[in-house]
Amino acid sequence: MGEEEAFNMLKFLMFDMGLRKQYRPDMIILQIQMYQLSRLLHDYHRDLYNHLEEHEIGPSLYAAPWFLTVFASQFPLGFVARVFDMIFLQGSEVIFKVALSLLGSHKPLILQHENLETIVDFIKSTLPNLGLVQMEKTISQVFVMDISKQLQAYEVEYHVLQEELIDPSPLSDNQRMDRLEKTNSSLRKQNLDLLEQLQVANGRIQSLEATIEKLLTSESKLKQATLALELERSALLQTVERLQGQTAELGGPEPDPVPPEPAGH
């Protein structure tokens with residue numbers, strides 16, 4: 001891409017796709033993402049999760065560069081380009097799906113390592129050396145995974161846990177439910193705002209589609225009119241040719257033009 005077009009794509013990723021939040025000074029969004037990835041590992045690959053926990057290996061030790069650079073810091077450029085394609089198509093949750101798929105597909109090899117250094121070194125150095133088959137398998141898995149509801153739930157969990165850390169006093173079940181409901185209410189409001197924006201965008205799309213349909217109809221009518229004119233022109237040319245042929249068959253010199261009468265007659 002040219003410089004201006006590349007900048008516009010970067011702007012789209014940062015603002016429209018929300019990746020800009022990862023790079024704020026407090027890094028709070030990255031912390032939430034690491035918690036979400038840990039919970040996803042717990043759900044999808046419990047044995048791998050337990051193995052990493054046993055050796056005190058959290059996602060921040062190996063996955064932070066994946067999220068901050070969209071895998072560009074360690075993975076082949078061809079694979080990174082495919083990840084960017086999927087992000088433009090599905091949004092930033094693709095990063096979670098790719099990370100989960102990569103860890104899951106290499107799980108047997110990771111489980112063979114029995115200390116922190118070798119596990120982290122394998123994930124950082126060996127795992128990114130993807131073959132074409134492994135790359136395509138990972139991309140295929142990303143398209144069939146649906147983790148949006150889990151990501152939303154784990155974000156709520158993270159905020160509740162942070163509130164409990166700030167306020168160490170024990171909470172009753174009712175208080176915890178209240179906090180969960182408040183956080184969920186806030187997330188619902190965000191979802192409603194996004195839904196409203198989506199409806200506006202859909203309205204614009206429908207309007208554009210209607211305009212396109214009208215233009216296509218007009219184009220079709222113009223094509224039909226053009227075809228009719230071409231047929232008429234062809235018929236006229238054939239008629240002219242036929243008349244010329246008939247004239248040639250009649251033969252004979254053309255009569256001399258009648259001279260003008262002398263003046264005064």
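## A walk through an all-helix chain

Read along the sequence, the chain runs α-α-α-α-α-α-α-α-α-α-α. That makes 11 helices and zero strands, where helices (H or I, at least four residues) and strands (E, at least two) are DSSP runs, numbered from the N terminus. You are looking at a predicted model, in which local features need pLDDT of at least 70 and side-chain atom pairs count only at pLDDT 80 or more, while totals for chains, interfaces and linings use all residues. Residues are numbered from 1 along each chain as its sequence is written, and side-chain values use heavy atoms, with hydrogens and water left out.

**Whole chain**

Start with everything shown, and colour by accessibility. Of the 265 residues in the chain, 28% are buried; buried means under 20% relative accessible area, exposed over 50%, and partly exposed in between (1.4 Å probe, protein chains only). Now turn on contacts, meaning heavy atoms within 4.5 Å. Among those between residues at least 6 apart in sequence, 72% join residues at least 24 apart.

**Stop 1: the core and its aromatics**

Select W66 and F71. These two have the most contacts inside the largest nonpolar core, which has 51 residues. A nonpolar core here is a set of buried Ala, Val, Leu, Ile, Met, Phe, Trp, Tyr and Cys residues joined through side-chain atoms within 4.5 Å. Which helix gives the most to this core? Light up α6 (residues 93–105), which supplies eight residues.

Stay on F71 and show its surroundings. Leaving out residues up to four places away in sequence, F71 touches P65, W66, V80, V83, I95, V98, A99 and L102.

Next, add F79. F71 and F79 are both buried. The model has nine aromatic pairs, and F71 with F79 is an edge-to-face one, at 6.3 Å centre to centre and 80 degrees between the planes. The rule: rings of Phe, Tyr and Trp (its six-membered ring) pair if their centres lie within 6.5 Å, with planes under 30 degrees apart counted as stacked, over 60 as edge-to-face and the rest as tilted. Widen the selection to Y62, W66, F71, F75 and F79, and you have one aromatic cluster.

**Stop 2: L19 and V70**

Jump back along the chain to L19, in the loop between α1 (3–16) and α2. Is L19 buried or exposed? L19 counts as buried because its relative accessibility is 3%. Beyond residues up to four places away in sequence, L19 touches L13, M14, V70, S92 and I95. Try a distance label from L19 to F67: the C-alpha atoms are separated by 9.2 Å, though the two residues sit 48 apart along the chain.

V70, one of those contacts of L19, is worth a click of its own. V70 lies in the loop between α4 and α5 (77–90). Its phi is positive, about 50 degrees, although V70 is not a glycine. V70 counts as buried, at 5% relative accessibility.

While you're in the α1–α2 loop, pick M27, which belongs to that loop. M27 is partly exposed, with a relative accessible area of 28%. Apart from neighbours within four places in sequence, M27 is in contact with Q22 and L68.

**Stop 3: the cavity**

Select S38, L41, Y49, L52, E53, I57, G58, P59 and Y62, the residues that line the largest cavity. The elements giving two or more residues to this lining are α2 (28–44) and α3 (46–54). The largest share, three residues, comes from α3. By class, the lining has six nonpolar, two polar and one charged residues; Ala, Val, Leu, Ile, Met, Phe, Trp, Tyr, Cys and Pro count as nonpolar, Asp, Glu, Lys and Arg as charged, and the others, Gly among them, as polar.

How much space lies in the largest cavity? About 50 Å³. On a 1 Å grid over the protein atoms alone, a cavity is a set of points where a 1.4 Å probe fits but cannot get out, and lining residues have an atom within 4 Å of a point. Grid points are joined across faces, edges and corners, and a volume is the space filled by probe spheres set on the points. The count comes to one cavity of 30 Å³ or more.

**Stop 4: H51 and E56**

Now click H51, in helix α3. H51 is buried, with a relative accessible area of 7%. Setting aside residues up to four places away in sequence, H51 touches I110, L111, H113, E114 and I119.

Finish at E56, in the loop between α3 and α4 (64–69). E56 is exposed, at 68% relative accessible area. The phi of E56 is near 55 degrees, a positive value in a residue other than glycine.

Definitions and conventions:
1 Å grid on protein atoms, 1.4 Å probe; cavity = no way out; pocket = protein on both sides within 12 Å on 5 of 7 lines; lining within 4 Å.
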